[in-house]
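Please look through the sequence and the three-dimensional view below before reading on. The briefing that follows starts from one residue and then works outwards, topic by topic.

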Amino acid sequence: VMTYYAVNLIVYIISIFLAMIALNCFHFDRFLRKGKQKEFYLFYIMASCVFGYLFAQFILSFGTFSSHL
């Protein structure tokens, strides 16, 4: 049971880091207003968490679904 939660946590952390790397590919500096860097970094972290969570849910659900076949 403990390994299940550890695997879930590792998948979530890795997927959030992958989302951060993927968001770095976009040039958000064109849309960034002067003096709004803090808000941008907050958006960047929240978007990374959202996309990472969605990707991790997909991976974990796909693994669960494929093990039931």
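Tyr-5 has a relative accessibility of 52%, and because the cut-off for exposed is over 50%, Tyr-5 counts as exposed. Please keep in mind throughout that this is a predicted model, so that each value below is computed from predicted positions. The points below take up the aromatic rings, the overall form of the chain and then each of the helices in turn.

**Aromatic rings**

- A pair of aromatic rings is described by two quantities, namely the distance of the centres and the angle of the planes.
- A search of the whole structure for such pairs finds eight of them.
- One of these pairs joins Tyr-4 and Tyr-5, whose ring centres are 5.5 Å apart and whose planes stand at 70°, so the pair is edge-to-face.
- Another pair is made by Phe-28 and Phe-43, with ring centres 6.2 Å apart and planes at 85°, so this pair too is edge-to-face.
- The pair of Phe-28 and Phe-43 links distant parts of the chain, since Phe-28 belongs to the loop between α1 and α2 while Phe-43 belongs to helix α2, and the two are 15 residues apart.
- Phe-28 counts as partly exposed because its relative accessibility is 22%, and Phe-43, at 47% relative accessibility, also counts as partly exposed.
- Which residues form one aromatic cluster? The members are Phe-26, Phe-28, Phe-40, Tyr-41, Phe-43 and Tyr-44.

**Overall form of the chain**

- The chain contains two helices and zero strands.
- Its radius of gyration is 16 Å, which is well over the 11 Å that the globule rule gives for 69 residues, so the chain is more spread out than a compact globule.
- Measured out along its principal axes, the C-alpha trace of the chain spans about 50 × 25 × 15 Å.
- Of the 69 residues in the chain, 16% are buried.
- The accessible surface of the chain comes to about 6,000 Å², and 75% of that surface belongs to carbon and sulfur atoms.

**Helix α1**

- Helix α1 runs over residues 2-23, which makes 22 residues, and it reaches 32 Å from its first C-alpha to its last, close to the 32 Å expected at 1.5 Å a residue.
- The buried residues in α1 are Asn-8, Ser-15, Ala-19 and Leu-23. These residues cover an arc of only 65° around the axis, which puts them on the same side of α1.
- The face of α1 that is turned away from this buried side carries the exposed residues Met-2, Thr-3, Leu-9, Phe-17 and Ile-21.
- Part of what covers the buried residues of α1 is α2, at residues 37-67.
- Ser-15, found in helix α1, counts as buried because its relative accessibility is 3%.
- Once its neighbours within four places in sequence are left aside, Ser-15 is in contact with Gly-52, Phe-55 and Ala-56.

**Helix α2**

- The 31 residues of α2 should span 45 Å at 1.5 Å a residue, and its end C-alpha atoms are 44 Å apart, which agrees.
- Which residues of α2 are buried? They are Phe-40, Tyr-44, Ala-47, Ser-48, Gly-52, Ala-56 and Leu-60.
- What covers these buried residues of α2 includes α1, just as the cover of the buried residues of α1 includes α2.

Methods. Residues numbered from 1 in each chain as written. Predicted model: local features only at pLDDT ≥ 70, side-chain atom pairs only at ≥ 80, totals over all residues. Heavy atoms only, no water. Helix = DSSP H or I, 4+ residues; strand = E, 2+ residues; numbered from the N terminus. Expected span 1.5 Å × (residues − 1). Buried < 20%, exposed > 50% of the residue type's maximum accessible area, 1.4 Å probe, protein only. Arc of directions from axis to C-beta. Contact = heavy atoms within 4.5 Å. Phe/Tyr/Trp six-rings, centres within 6.5 Å; stacked < 30°, edge-to-face > 60°. Rg over C-alpha atoms; globule rule 2.2 N^0.38 Å. Areas by Shrake-Rupley, 256 points an atom, 1.4 Å probe, with all protein chains shown as cover.
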